[in-house]
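Okay, thanks for having me, everyone. I'll put the structure up on the screen, and then we can walk through it together.

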Amino acid sequence: MPGRQRPVVMATGLTTGLAFAMSLAGCSGAPSTNDPVLKIGAIPDQNPEKLNRLYGSLSDELSESLDVDVRYVPVSNYAAAVSAFRSGSLDLVWFGGLTGVQARLQTPGARVLAQRDIDAKFTSVFIANGASGLRPITSADQLVQLKGRRLAFGSESSTSGRLMPQYFLGENGVTMGDLAGGGPGFSGSHDATIAVVQSGTYEVGALNEQVWRSNVDEGRVDPSKVAVIWRTPPYVDYHWVARPDLDERFGEGFTDRVQKALLSLTPSTERGALVLDLFGAESFIPAQNEDYNKIEAVGRQLGKVR
Amino acid sequence: MALQRRLKPAPVLVALAPALVVLPLGIVLLRDLHGGGVEQIGRFWLAALQPSLDPTLLKHQLAELQITALTALLAWSLSSLAGLLLGVLSSTTICSTLTGRRWPAVVLRRCLAPLRSIHELIWGLLLLQLFGLNGWVAVLAIVLPYSALLARVLADQLDQQELPALIALRCAGVPAVINLFTSLMPPVAAALRDHIGHRLDCALRSALLLGIFGLGGLGTELMLSLQSLRFRELWSGLWLMALLLALMNLVIRRLSARHGLLLLTLALPLVTLLWSHRLNHDLSLPRWIQGAPWPPWAQLRDGLTQAWVETPWLELVGRTLLITVLASGVAIGLPPLLRLIAPDDGPGRMLKAGWLLMRLLPPPLTALLLMLASKPTLAVAALALGLHHSGVMGLVLEDGLERVDGRHQQAMVALGAPRRSAWLFGVLTPASRRYLAYAAYRSDVILRDTAVVGLVGGAGLGWQLMEALSSFHWPQVGWLILVYAVLTLLGELASEQLQERA
């Protein structure tokens with residue numbers, strides 16, 4: 001019997017000792033700095049490697065120009081990004097049109113700081129599989145051709161991959177119930193929309209034109225299988241939104257300084273060029289909350305803003 | 001006398017019968033199959049052989065993997081401890097021995113049911129609303145349903161034991177507490193150890209899934225890679241996860257053989273707290289985030305009524321149940337069926353590797369792969385879910401088969417029975433009962449998991465819930481969770497009834 005009990009006794013002793021040592025070490029190793037950290041985040045619409053490079057460089061840039069610690073927190077879900085912003089887990093977020101509106105409505109006082117030059121007139125494209133027999137659409141009222149087709153959106157909260165395409169379909173008499181299967185499918189992302197349309201699983205898909213172009217440029221699209229059939233009219237999309245309490249936490253006028261830092265990114269510096277290139281923009285331009293009123297109205301109409 | 005007994009199907013038939021759903025599913029899939037996605041699917045599997053070895057990526061993924069592991073370990077140890085305590089408290093045998101009354105245990109048991117009827121993912125997204133992006137959100141999201149589930153398993157085990165020893169000792173005047181330890185604990189301990197060990201594996205996969213839906217760790221990285229179809233980066237993460245799963249299983253096996261499991265669960269919380277410190281992972285005490293104030297009652301009532309009226313419940317519930325039944329059929333029926341086709345050890349090992357792979361691929365990924373090859377139908381959603389869980393069930397079956405004493409089979413073969421029949425009656429049949437008991441729990445899990453395959457053409461309650469959550473439509477979220485809870489409880493009641501009759 002003692003032979004069987006020994007390992008147990010030893011293990012108990014070891015564990016207790018270890019736990020003690022650890023808790024002691026834990027006490028002495030408590031964080032010493034109380035400097036606030038600016039936590040930046042982004043809705044997930046890029047590959048992680050690019051996101052990490054992009055936000056790594058941007059964090060360095062902002063950290064230098066604002067003289068505060070900046071940390072990038074990855075989030076993989078649109079709704080989670082909105083909640084994280086509301087709860088103060090993220091301070092400055094690169095939102096899409098719809099998610100930005102949702103975030104501001106849930107966080108009174110939050111401020112739109114900037115958008116890219118391309119965001120003021122952003123567009124989505126409808127792409128179709130060659131075998132579907134769908135031809136390019138010359139005027140919006142021809143969207144009725146899409147009735148009874150299998151259609152894929154991207155993520156359920158995406159402005160360019162769902163909200164605005166659904167809005168333009170509705171404006172031209174195509175409700176979601178008119179689609180094959182009684183509703184659209186959701187591929188989860190712009191890239192996945194291209195994949196499911198190119199494969200023929202879905203006949204039509206709607207996505208962010210910028211993502212479509214970069215996929216075409218990188219040769220990731222087979223032009224013999226999938227092509228653009230319609231481009232939506234322009235609308236406003238992505239933007240930077242800051243939490244209302246930044247001035248309080250980082251000092252008077254901090255929010256304005258963040259805005260200035262974003263607006264002053266230029267391709268003339270090495271890091272600026274890298275960041276702007278990864279964002280796919282020439283520069284950031286100022287934007288206000290009111291610019292997104294139309295998106296909010298569409299969001300309400302389609303039940304995505306409550 | 002014999003005529004008066006009701007005919008009961010042999011357990012082995014019950015285990016095999018669910019595989020019948022493979023037939024209609026197969027027909028639908030064959031009809032909808034297309035070759036358009038071959039290139040992408042090929043790219044995916046090729047990427048498995050040449051995952052990205054970029055050092056910065058690997059370093060990053062390793063750090064994220066540690067967060068996933070830490071979350072899982074902490075959640076597992078806390079839920080094991082809480083589950084043991086709650087299980088003992090909700091056992092009617094223990095309660096009536098100690099207090100002479102049954103009802104406190106029954107009440108507690110019913111109170112725990114809603115906790116376990118909600119998927120950890122939904123817990124995660126709800127807790128995220130309350131506490132923001134804090135490490136404890138993911139931990140708690142796993143702890144809540146897991147401890148309630150363990151409590152149920154333990155209470156079931158305790159209450160199903162034959163009682164003569166208990167009664168005999170009580171009559172002999174042994175004090176109640178000592179009596180319980182002596183007569184109840186030993187027979188329960190082995191089954192419980194298996195279950196707790198198995199839950200670590202589940203906790204790891206849950207932690208990964210929570211990450212996929214935005215709560216940090218390796219899952220977040222995997223989801224971002226998947227969304228941008230970077231399969232090589234995706235596979236680096238998947239292989240790392242596979243290594244972790246294998247390592248954990250090894251540790252659990254070693255420890256449970258040496259009675260170290262309880263010690264591990266006790267020591268883990270302290271170790272993980274320190275570990276999180278090194279990883280810069282926020283495990284500080286979660287702070288309640290003040291949300292918007294509750295609307296006045298009249299407005300709330302109107303909101304709830306409107307949400308109830310505008311939701312097509314019949315269709316949603318119908319689709320969800322159909323997916324659950326089909327997916328459970330695949331998950332429960334496929335492993336014994338395939339094993340019956342290939343009862344030898346060689347193919348058996350290959351099957352086991354297949355199950356490990358199925359279990360490794362998160363359901364959203366399986367769904368996307370299937371969708372590249374077939375039109376989006378309910379069958380695809382069901383198959384994606386079914387295949388993932390068949391991985392889990394396949395491993396449970398293999399584990400059960402390994403424990404079966406081979407003498408019956410040898411005897412049958414020696415008497416001239418065909419090899420396959422000998423395997424069916426000599427090996428699979430004795431292993432079936434345990435397998436089926438486990439299958440009942442698994443179909444509960446599958447019902448809750450329908451929340452994660454929303455991808456496929458607006459399929460059921462799960463999709464609606466994701467849509468409501470992303471629209472921050474709280475009245476509808478509330479109803480959906482309630483309906484989910486009711487369905488889970490009904491499912492449980494049904495499986496209890498079936499088990500009692502069997």
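Let's start in chain A, with strand β3, residues 92–95, which runs antiparallel to β10(A) and is joined to it by four bridges. If you want one pair to look for, take A:L92, whose bridge partner in β10(A) is A:A242. Before we go further, one caution: this is a predicted model.

Now, β10(A) has another partner. Strand β4 of chain A, residues 111–116, is also antiparallel to β10(A), with three bridges between them. There the pair to look for is A:A114, standing opposite A:W240.

So which residues of β10 are buried on each side? On one side you have A:H239 and A:V241, on the other A:W240 and A:A242, and all of them are buried. In other words, this strand, residues 239–242, is covered on both faces. That splitting into two sides is something you'll know from elsewhere: in a regular strand, side chains alternate between the two faces of the sheet.

Staying in chain A, let's go to helix α4, residues 97–106. Eight of its 10 residues are buried, so the helix is largely enclosed by the rest of the structure. The buried ones are A:G97, A:L98, A:T99, A:G100, A:V101, A:Q102, A:A103 and A:R104.

Next, another sheet. Chain A has an open sheet of five strands, and if you read across it the order is β7-β6-β8-β5-β9, with mixed pairing. Which strands stand at the edges? Those are β7 (185–186) and β9 (226–231), and each has a single partner strand, so one side of each is left without a neighbour in the sheet. For β9(A), look at β5, residues 124–129: the two are antiparallel and joined by five bridges. One pair to click on there is A:F126 opposite A:W230.

While we're in this sheet, let me zoom in on one glycine. A:G205 sits in strand β8 of chain A, residues 204–208. Is A:G205 buried or exposed? Its relative accessibility is 0%, so A:G205 counts as buried. What does A:G205 touch, if we skip residues up to four places away in sequence? The list is A:V125, A:F126, A:I127, A:A152, A:T193 and A:V197. A:F126 is the residue we just saw opposite A:W230. And A:T193, 12 residues from A:G205 in sequence, is 6.1 Å from it in space, C-alpha to C-alpha.

One more stop in chain A: A:S57, in helix α2, residues 48–66. With a relative accessible area of 11%, A:S57 is buried. Its side chain reaches the backbone oxygen of A:R53 at 2.9 Å. That brings a general point to mind: an α-helix has 3.6 residues a turn, so residues three or four places apart point the same way. Beyond the neighbours within four places in sequence, A:S57 is in contact with A:R271, A:L274 and A:V275.

Okay, over to where the chains meet. Chain A contributes 59 residues to the contact and chain B contributes 55. Between them they bury about 4,600 Å², and 58% of that is on carbon and sulfur atoms. On the chain B side, B:L224, B:Q227 and B:F472 supply 13% of the area buried against chain A, more than any other three residues.

What about polar links? There are 14 residue pairs in polar contact between the two chains. Several helices of chain B each supply at least two residues to the side touching chain A, among them α11 (185–215), α12 (218–227) and α22 (460–470). And that side of chain B divides into 24 nonpolar, 24 polar and seven charged residues.

We also find four salt bridges across this interface. One to look at is A:R306 with B:E310, side chain to side chain, at 3.9 Å from N to O.

Keep A:R306 on the screen, please, and look for B:H473, in the loop between α22 and α23 (474–501) of chain B. The side chains of B:H473 and A:R306 are joined by a polar contact of 3.3 Å. At 6% relative accessibility, B:H473 counts as buried. Setting aside residues up to four places away in sequence, B:H473 touches A:R306, B:A307, B:E310 and B:A468. So both partners of that salt bridge, A:R306 and B:E310, turn up in the list for B:H473.

That's my tour; happy to go back to any of these spots.

How values were computed:
Residues are numbered from 1 along each chain as its sequence is written. Chains are lettered from A and ligands numbered from 1 in the order in which they are written. This is a predicted model: local features need pLDDT of at least 70, side-chain atom pairs count only at pLDDT 80 or more; totals for chains, interfaces and linings use all residues. Side-chain values use heavy atoms; hydrogens and water are left out. Contact means heavy atoms within 4.5 Å. Buried area is the accessible area (1.4 Å probe) that two parts lose on being put together, summed over both. A polar contact is a pair of N or O atoms within 3.5 Å; within protein, one must be able to donate a hydrogen and the other to accept it, and residues adjacent in sequence count only if both atoms are side-chain atoms. Ala, Val, Leu, Ile, Met, Phe, Trp, Tyr, Cys and Pro count as nonpolar, Asp, Glu, Lys and Arg as charged, and the others, Gly among them, as polar. Buried means under 20% relative accessible area, exposed over 50%, partly exposed in between (1.4 Å probe, protein chains only). Two strands pair if DSSP finds at least two bridges between them.
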